[in-house]
Number of protein chains: 4
Amino acid sequence: MKLSEKKLLKKKEEIILSAVKIVNRKGYRGATMDEIAAELLMTKGSLYYYFKNKEDLIFQCHQMVLSQANEELQGHLNEMISNEEKLRRMIVTHIQYAIEEKETFNMIIKPDQTFSTEQLNPILLIRNEYAGLFDKVIREGIAKGEFTIGEPKIARMILLGSMNWIQQWYSPEGGKSMEELQEIYAEYLLKVVK
Amino acid sequence: MKLSEKKLLKKKEEIILSAVKIVNRKGYRGATMDEIAAELLMTKGSLYYYFKNKEDLIFQCHQMVLSQANEELQGHLNEMISNEEKLRRMIVTHIQYAIEEKETFNMIIKPDQTFSTEQLNPILLIRNEYAGLFDKVIREGIAKGEFTIGEPKIARMILLGSMNWIQQWYSPEGGKSMEELQEIYAEYLLKVVK
Amino acid sequence: MKLSEKKLLKKKEEIILSAVKIVNRKGYRGATMDEIAAELLMTKGSLYYYFKNKEDLIFQCHQMVLSQANEELQGHLNEMISNEEKLRRMIVTHIQYAIEEKETFNMIIKPDQTFSTEQLNPILLIRNEYAGLFDKVIREGIAKGEFTIGEPKIARMILLGSMNWIQQWYSPEGGKSMEELQEIYAEYLLKVVK
Amino acid sequence: MKLSEKKLLKKKEEIILSAVKIVNRKGYRGATMDEIAAELLMTKGSLYYYFKNKEDLIFQCHQMVLSQANEELQGHLNEMISNEEKLRRMIVTHIQYAIEEKETFNMIIKPDQTFSTEQLNPILLIRNEYAGLFDKVIREGIAKGEFTIGEPKIARMILLGSMNWIQQWYSPEGGKSMEELQEIYAEYLLKVVK
DNA sequence: GATGAATGAGGCTTCATTCAT
DNA sequence: TATGAATGAAGCCTCATTCAT
């Protein structure tokens, strides 16, 4: 790859990161091209050099965030540990994401009604992939007798739903540290599947 | 109360119901005064006779929905049953809301970033009240030895979070009926607190 | 028709007239909604109360102008005179339009590439109707032995083309008055069909 | 002339040709610098090395096209044939231009409203020159008794106007071939001057 | 009470133009 | 010479809001 292409990609990434921040604060409709550009000390006209239009930009935001999260999670699957331990680590990771990368993270979990179907599909695909990783661990845990539940998918929904909710109320000044939360959530949520 | 006042209130309620529908479909920014009015065969100009502005209207939407939900839930607290049974019923009710009244329900759980702080506070108050009902049952359950957990608030967050998440994926054509879901969720979520 | 509807139509017509003026001066792309509105001391936002968008407005311009011209021309067909005399009068009328109503007239003759096909069709229909009136007179003249040519359609094209061209160069300060032009053109153009 | 200058001129010409194509397809305002450059596999920034700005580029388009057409026409004047025959050939040539080089040709006949007066003048000069060639033949024909009309300029306008109009409706799939049209037009238009 | 009409701010997008490299 | 990148003005359109009737 040529240097210029690299620079292009880097700039695109910068813009995406700025957009992610603002979209998470204000939603798709609330985020304006103006604001996204201003954050980078650019003018909104410049954004159109990198992205076809707003929908395209936001779409690529989703893609980037989802892919990253997916990779991160996949790491735990390859470790040589029990499924319970795998699940515990995935819970810890997911919560960390939900808290520390709150902005990017919202993109994983909030289904936007704003995409034309042709753009929505690839996003749903990655989203399903992400959820599938949880399913896999739970199902293997059941197979090995570590877990006992009959509805692994619903259990997964409970896990993800409850964790996604954290960012609705979490504040660093609140009573619990992130580490405490991770521990408590892991403990309580593992009760669900056991 | 005079008859004219009654009529005024009734009209206001109609408008709020229409607004709730549309806000939940399109979000705060996507809902237009035009659309809200059209649903009632009015013109948007008229809305300003009943509400100061859009923010005011949406604010009153939140208030109404939250109050209703609160009342409904409170009913379970006065029944003469175990706390586990109370909690089970509250779960069932909450899920029913989340599925059947998805539109209105969204207002309970999605904190809109759109309110000025002076308007946000009363909403948060009612929201806390709602959550407090769950807390109360859980805490009493712990006191009576029905539940064993050490972090009732976090357990409550897990319960609400996981249930709120349902509407992100639930579809009547999906594999499970609402009744099945209510049962499974109740079973799995009670494991958390026990 | 209610009074309010009448007013609406009148306003629409005013806007159309303003738009016609500007479109003829600057073309479809050059005419701005801002300028069209300013001419009427309105703001561009108001235009959207009356027309869906720019294309819709310009489309209705074409429709109105074409219909008017059509009616005017049709008048000559019902008179009890020879076809040569009919054709002469149609020529005089067409030239008068081309000169005195230059602005509206352009809309009859300039095919805009700007319309989506669904909107283009009705316009072409009226345009063909207009041309058809010339065809009819020429063909009847041939039948009666007044004219001798074998290609009535091409003759019509020559007539219309040459007359439409007048506005490209005509200026009231120029050497010839409109009346003189009408006479000369009628004389020369009738030579074509005879 | 130095080699580098020659190259410069050649590049300029290429750009002009590309611009002509696009301007004729989309009009002055519809043609974008981007599109003109893309056709030559350049970037729009480069255009500004060769032309001061868009107006300058389009202006030079007009100049080039008009000069070419002028030269072509002038050829017929030097042949040793009757004025009627000269005029017939000029008609044939003009129609061929109008049909086969429709794109470039438009520039001769459509006076763009887009030029500042200082740029418009030289264009009008060449345009008049072109028209003057027709005038000359007609006037000489009158002098020699071949033609009989009293208004040679208006006759010329009729000729040019009717021929320019052809491209508004001509389509290769239509009923008549170009050759047929040339013949019929020559026949009918010569009736005007005789 | 209700509405038709108007307004103006603000959003998305395009594009001629500039300029450092 | 050429280009990649940025800019900013201007255009289309939406919509909350206002107000005379």
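## Chain A, end to end

What pattern does chain A follow when read along the sequence? The answer is α-α-α-α-α-α-α-α-α. That fits the tally for chain A, 9 helices and 0 strands, where DSSP runs count as helices (H or I, at least four residues) or strands (E, at least two).

This is a predicted model, where local features need pLDDT of at least 70 and side-chain atom pairs count only at pLDDT 80 or more, while totals for chains, interfaces and linings use all residues. Residues are numbered from 1 along each chain, chains are lettered from A in the order written, and side-chain values use heavy atoms, leaving out hydrogens and water.

## Inside and outside

The C-alpha trace of chain A spans about 60 × 40 × 35 Å along its principal axes. Of its 194 residues, 48% are buried (under 20% relative accessible area, 1.4 Å probe, protein chains only). Take the contacts (heavy atoms within 4.5 Å) in chain A with a separation of 6 or more: 68% of them join residues 24 or more positions apart.

On the outside, chain A exposes about 9,700 Å², with carbon and sulfur atoms supplying 51% of that (Shrake-Rupley method, 1.4 Å probe).

## Two copies, one axis

Chain B lands on chain A with an RMSD of 0.5 Å after a turn of 178 degrees and a shift of 0.1 Å along the axis (least squares on C-alpha atoms with pLDDT of at least 70 in both copies). That's the relation of a two-fold axis. Both copies use the same surface, as 100% of chain B's contact residues recur in chain A.

Key:
Buried means under 20% relative accessible area, exposed over 50%, partly exposed in between (1.4 Å probe, protein chains only).
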